[in-house]
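Q: Could you take a close look at one helix pair in this model for me? I would like to know how the two helices meet and what surrounds them.

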Amino acid sequence: MTIKETTFTFSNSQDHQMIGILHHPDTLSGTVGLLVVVGGPQYRIGAHRQYVHMARHAAREGIPAMRFDYSGVGDSEGTYPGFEQVAPDIHSAIDAFLHHCPQIKTVALWGLCEGASALLLGGAAHPAVSHIVLANPWVRSDSGLAKAYVKHYYWDRLKSPDLWRKVFSGGLNLKAALSGLWDNVQKAFLPQKNIDDSSSSSKQPDTRPFPDRMQTGLAAFSGKSLLIQSGNDLTAREFDDLINSDTQWKETIALKINQRIDIADTDHTFSCEKWRVEVAKSTADWLKSSP
């Protein structure tokens, strides 16, 4: 299928000029478009040009796609506000997408890591959003990271022949290794301070930890949701540990995630061509099967 790529500018809520790139097929397969939301202060191309490949794959499948730079990132004006505050930029990008591609009626948002978190922190609240794709969502905390290390990293290391060769050859600093393990065990199992949820009322800013606000955002989303998790990624394991141990998260995932795709052996950014293609294909196939 022939696709056309167009670069344009649009204004955000602070009248900063932002850069968008539209990938438009000659024939549409439906009425939903794909907007790629980057993670963190990252350029619209993405690691290993992943977002370029994904947008082009979607367009070849008849799904219009758009990439853009946040305020203060890449070629967009302004100052980057941080992933917890990028919802206004996402909403401006959605409006620009609908304006430049009037054939679509709704928008699917795709986010990796902090991009996935940003979707649940307000990005998906735009009324035109019908689908969200969450890839390796970021829910990092000192306690969560320590638990992930204890549960996944250290256990795998204990099963590694290389580790025991280093131990018996004297090539491992046992004191430092045990100190690191103990430090993570303490962080993982320290009592957590109770948070007063009263700050989340409509009259007060919601000051809860951002993973709690992400859960609230997913619970409020009424569209369709896809979760993609890498098989070899600590960030993905942190998210799995959270949704399996927290009652509210567990219930929300069961109610709101329509499909989950686990890609074995994949790293955080799907860095090789095989993984990149699998993610792009899985996304396009899901969108075409979930109108």
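A: Happy to help; here is a walk through one helix pair, followed by its setting in the chain.

Please keep in mind that this is a predicted model. The pair consists of helix α1, residues 50-60, and helix α10, residues 273-289. Their axes lie 9 Å apart and meet at an angle of about 40°. Because angles under 35 degrees would count as roughly parallel, α1 is oblique to α10. The crossing of α1 and α10 is right-handed.

Now for the residues that touch. From α1, the contact draws on Gln 50, His 53, Met 54 and His 57. On the α10 side, Arg 276, Val 279, Ala 280, Lys 281, Thr 283 and Ala 284 take part. Sorted by class, the contact of α1 with α10 has 4 nonpolar, 4 polar and 2 charged residues.

Stepping back, the protein chain contains 10 helices and 8 strands. It has 291 residues, of which 48% count as buried. If we take the contacts in the protein chain with a separation of 6 or more, 71% of them join residues 24 or more positions apart.

A word on cysteines to finish. Cys 272 has a relative accessible area of 29%, so it is partly exposed. Cys 113 is at 13% relative accessibility and therefore counts as buried, since the cut-off for buried is under 20%. The structure holds 0 disulfides.

Note on methods. Residues numbered from 1 in each chain as written. Predicted model: local features only at pLDDT ≥ 70, side-chain atom pairs only at ≥ 80, totals over all residues. Heavy atoms only, no water. Disulfide = S-S within 2.5 Å. Buried < 20%, exposed > 50% of the residue type's maximum accessible area, 1.4 Å probe, protein only. Axes fitted to C-alpha atoms, helices over the stretch in contact; angles between N-to-C directions. Helix = DSSP H or I, 4+ residues; strand = E, 2+ residues; numbered from the N terminus. Parallel < 35°, antiparallel > 145°, perpendicular 65-115°, else oblique. Left-handed = near helix turned anticlockwise from the far one by under 90°. Contact = heavy atoms within 4.5 Å. Nonpolar A, V, L, I, M, F, W, Y, C, P; charged D, E, K, R; others polar.
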